[in-house]
Amino acid sequence: MYGLPLSTERKQQLPKKAIYTKFDLKSSQRESFDADIARMDIVSVVSPVTVPALSEGDAVKEFYVLAVQMKRKNYDAKNILLLTKLIPQNIVFALQYDGQTQFIVFHTKLIMSAWQFTNEARVPLSGLNLDAVWENIVKAIGQIEVAGENTLAGQIAEDDRKAKMLTQIATLERKMVNEKQPHRKREYFEQVKKLKEQL
């Protein structure tokens, strides 16, 4: 499944009730979780046992692929974030809805892929050990290009900072277009110029 070797395949359901009981979720969390998620199954385990060509990493010893059947496409991301906190493992979440899949991993924050047809969705296995494989999966899912001396976490923070600045620039440019007073227009222009220089 998802282009992974047959040797990694599992079929083990993760019952929602077990999660509710084990982690003592509040009723509001339960309701939100239940509104989004229909069923969860561990479908793959990638480790040196299931893929002998891979060695353990310093940080990553194995990782799981968890297929999550969704009840709706516009789900609340907090429910996936909750799962990442409840299950302290390296997991690729494969959210499935209406013949499509969206991959999600947690690496300093939730990293999401675009929705794609399930039969075309792939989890790439590239790297000599599981640390490298995991990092490459995070990069592929988030379409992250690590520049220069940056670490993956550093690049994610840098990309977030740039995205916030671009949003700020777009907001200021809208204000500038709608502003009637020339001196306010000029202020907005200077702020935009400054932000663009920082970018």
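Is lysine 71 buried, exposed or partly exposed, and what is its relative accessible area? The points below take up this question together with the helix packing and the salt bridges of the structure, which is a predicted model.

1. Lysine 71 is partly exposed, with a relative accessible area of 41%. That value falls between the limits of 20% for buried and 50% for exposed, so the residue belongs to the intermediate class. Its side chain meets that of aspartate 34 in a salt bridge, with a distance of 3.8 Å from N to O. Because aspartate 34 lies in helix H2 while lysine 71 sits in the loop between strand E3 (63–70) and H3, the pair ties together parts that are 37 residues apart in sequence.

2. Aspartate 34, the partner of lysine 71 in this salt bridge, also counts as partly exposed, at 33% relative accessibility. The two residues do not stand alone, for Lys16, Asp34 and Lys71 are linked in a network of salt bridges.

3. Helix H2, which covers residues 27–36, packs with helix H3, residues 77–86, at an angle of about 110°, and their axes are 9 Å apart. Angles of 65 to 115 degrees count as roughly perpendicular, and H2 and H3 are therefore placed in that class. On the side of H2 the contact is made by Gln29, Ser32, Phe33 and Asp36, and on the side of H3 by Asn79, Leu82 and Leu83. By character, these contact residues divide into three nonpolar, three polar and one charged.

4. A further salt bridge joins the side chains of lysine 109 and aspartate 160, at 2.7 Å from N to O. Lysine 109 is found in the loop between strand E5 (100–106) and strand E6 (110–112), and aspartate 160 in helix H5 (residues 152–178), so this pair ties together parts that are 51 residues apart in sequence. Both partners fall into the partly exposed class, lysine 109 with a relative accessible area of 32% and aspartate 160 with one of 27%.

5. Arginine 186 forms a salt bridge with glutamate 190, and the closest N and O atoms of this pair are 2.7 Å apart. Here both residues lie within helix H6 (residues 182–198), four residues apart, which is about one turn of the helix. Glutamate 190 counts as partly exposed, at 34% relative accessibility.

6. For the structure as a whole, the count comes to 11 salt bridges. Among them are the pairs described above, aspartate 34 with lysine 71, lysine 109 with aspartate 160, and arginine 186 with glutamate 190.

Methods: Residues numbered from 1 in each chain as written. Predicted model: local features only at pLDDT ≥ 70, side-chain atom pairs only at ≥ 80, totals over all residues. Heavy atoms only, no water. Axes fitted to C-alpha atoms, helices over the stretch in contact; angles between N-to-C directions. Helix = DSSP H or I, 4+ residues; strand = E, 2+ residues; numbered from the N terminus. Parallel < 35°, antiparallel > 145°, perpendicular 65-115°, else oblique. Contact = heavy atoms within 4.5 Å. Nonpolar A, V, L, I, M, F, W, Y, C, P; charged D, E, K, R; others polar. Salt bridge = Lys/Arg side-chain N within 4 Å of Asp/Glu carboxyl O. Buried < 20%, exposed > 50% of the residue type's maximum accessible area, 1.4 Å probe, protein only.
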